[in-house]
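This briefing concerns a protein model with a bound ligand. It addresses the ligand site, the overall fold, selected residues and the backbone geometry.

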Amino acid sequence: MSNSASLASLADDFERFKRELPRDFPAHVRDAYRINLAARYLGEPVPHPIGKGSGQLSLNLGQLETDAEAGLAFVVLKTVIAQDEAGAQSMAAWAIHESKMKVERRGAGWTVTWKGRGWDRSFDDYLALVRTGWDLTRDGQLLTVPSVKYHLPRLDEPFRAAEYAFTTGALAKAWGRSPLLLVKDFSPTLAGDPLSDEKAQILRWLREVPQQIRAHADVRLAMKLMNARSDDDFQHEMMEAASGADALVVFNRLFDSKQGVAYGGPELSDRNLRVLARLTPGASPGIPECCGTGNVSSGRMIVEYALRGCGSVQLHTFFQLPLEEYPATDGSRTQRALHALVFDPRDGLIAVMLEREASGLLQRRDGELHFLDLLPDAHRPR
Ligand SMILES: Cc1cc2nc3c(=O)[nH]c(=O)nc-3n(C[C@H](O)[C@H](O)[C@H](O)COP(=O)(O)O)c2cc1C
């Protein structure tokens, strides 16, 4: 099909899928457009690059089932606060309960304002969610990955190994397969905490946390980096220090210290893309596989993250917009979001990949355009 014929059928698909998005839309995209959306998260092949970041939208079975049904590529479960065998949590200040969220405009985009932090129910409840997530993963319905905030010491303190041991061991048992896939969250509220006042302290965490976790189970580890309250150079130093992880999630929300809240929107994606752009292909071989997060609200933004080395993205805010903000008229928010991200005729993933083909920036291989070919060579999965 020619580029202009593809654009015509894209306009048709966009209209027709407003009512119902086919669950296996990646197969449709491959058939109809010869575009292969296959992507990668934490070393796992996924059918397309769009997943859900950890937060209030991955707290229970109902949310996971809705996401599986919509055909989301993966979901990171809400972050649990690590504990030792007796239930002691050094990061207990992060396990607070707060249910009220406010979705509001920020600049030309959106942010969710929320004063809560980590998982606020029991650890046993979390393990039950992990087991449910494993069932969906095993059955090929939805890749789910647990997320933890572990103890982070001051420079002159040791890591509390008992928290690492108990939490990692219990998650590995609840997860049905070895290695355990796991995200370690360095959250934005941490950036605003006095614990993060020293750069040397942050760099030590990033260097030493992988071995602290791996001492207790076979783990494939993603580290979700915060945006530190420092300059782009330091953000880059953090990525290098985190090279012991198998993957990085880059980068969690910005922290507004005046209001004491984390926020997203265009400022977040500007900062993230600016820092990622400095990883010139081939010049940063130590940097692990990356997954983008922050203000992903169009296929065009997914492409921006991919061009800077991200083999997938994980969203929160765009799954939470008022219903009238989505072009689709039916379906769950996850389905409506996927519909806009993939099929929007101007800024959707298909449209932007075709646009790059037309301008000679993306070539077909064996007759297909490949999402992963957007990544710079050095970042492509081998
Ligand atoms: C209400 C809310 C709660 C969140 N909770 C967590 C969390 O527990 N752990 C975590 O790693 N990220 C958490 N995040 C960050 C999101 O996963 C995501 O990385 C971030 O919001 C940037 O993406 P977005 O601009 O698409 O929202 C949370 C975000 C929001 C809005």
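For the composition of the ligand shell, Ala, Val, Leu, Ile, Met, Phe, Trp, Tyr, Cys and Pro are classed as nonpolar, Asp, Glu, Lys and Arg as charged, and the others, Gly among them, as polar. On that basis the shell consists of 4 nonpolar, 11 polar and 4 charged residues. The model is predicted: local features need pLDDT of at least 70, side-chain atom pairs count only at pLDDT 80 or more, and totals for chains, interfaces and linings use all residues. Residues are numbered from 1 along each chain as its sequence is written, and side-chain values use heavy atoms, with hydrogens and water left out.

**Ligand site**

- The ligand is surrounded by 19 residues, of which Ser54, Lys78, Thr79, Asn295 and Thr317 come nearest; a residue is near the ligand if one of its heavy atoms lies within 4 Å of it.
- Polar contacts are pairs of N or O atoms within 3.5 Å; within protein, one must be able to donate a hydrogen and the other to accept it, and residues adjacent in sequence count only if both atoms are side-chain atoms.
- In the side chain of lysine 224, a polar atom is 2.9 Å from a ligand oxygen atom.
- Threonine 293 places a side-chain N or O atom 2.8 Å from an oxygen atom of the ligand.
- Asparagine 295 uses its backbone instead, with an N or O atom 2.7 Å from a ligand oxygen atom.
- On its own the ligand has 610 Å² of accessible area, and the protein covers 96% of this; areas come from the Shrake-Rupley method with a 1.4 Å probe, and for residues only the protein chains shown count as cover.
- Strand 5 (74–81) and strand 7 (109–114) are the elements that give two or more residues to the shell.

**Overall fold**

- The protein contains 12 helices and 16 strands; helices (H or I, at least four residues) and strands (E, at least two) are DSSP runs, numbered from the N terminus.
- With a radius of gyration of 20 Å, close to the 21 Å that the globule rule gives for 382 residues, the protein is as compact as a globular protein of that length. The radius is taken over C-alpha atoms, and the rule is 2.2 Å times the number of residues to the power 0.38.
- Along the principal axes, the C-alpha atoms fill a box of roughly 65 × 45 × 40 Å.
- Buried residues make up 58% of the 382; buried means under 20% relative accessible area, exposed over 50%, and partly exposed in between (1.4 Å probe, protein chains only).
- Among contacts between residues at least 6 apart in sequence, 69% join residues at least 24 apart, where contact means heavy atoms within 4.5 Å.
- About 15,300 Å² of the protein is exposed, with carbon and sulfur atoms supplying 47%.

**Selected residues**

- Alanine 351 belongs to helix 12 (residues 349–358) and is buried, at 4% relative accessible area. Its C-alpha atom is 7.7 Å from that of leucine 10, although 341 residues separate the two along the chain.
- Serine 187, in the loop between strand 9 (180–185) and helix 6 (188–191), is buried at 6% relative accessibility. Its side chain makes a polar contact of 2.7 Å with the side chain of lysine 149.
- Arginine 214 is part of helix 7 (residues 199–214) and is partly exposed, at 30% relative accessible area. Its side chain reaches the backbone oxygen of valine 219 at 2.8 Å.
- In helix 10 (residues 299–307), the buried residues are Gly299, Met301, Ile302, Val303, Tyr305 and Ala306.

**Backbone geometry**

- Serine 178 and proline 179 are joined by a cis peptide bond with omega of about 0°, and proline 179 is in the loop between helix 5 (161–174) and strand 9.
- Another cis peptide bond runs from valine 250 to phenylalanine 251, with omega near -20°.
- Arginine 34, which is not a glycine, has a positive phi of about 55°, and is partly exposed at 39% relative accessible area.
- Aspartate 366, also not a glycine, has a positive phi of about 50°; this aspartate is exposed, at 75% relative accessibility.
- Glycine 309, just after helix 10, adopts a positive phi of about 105°.
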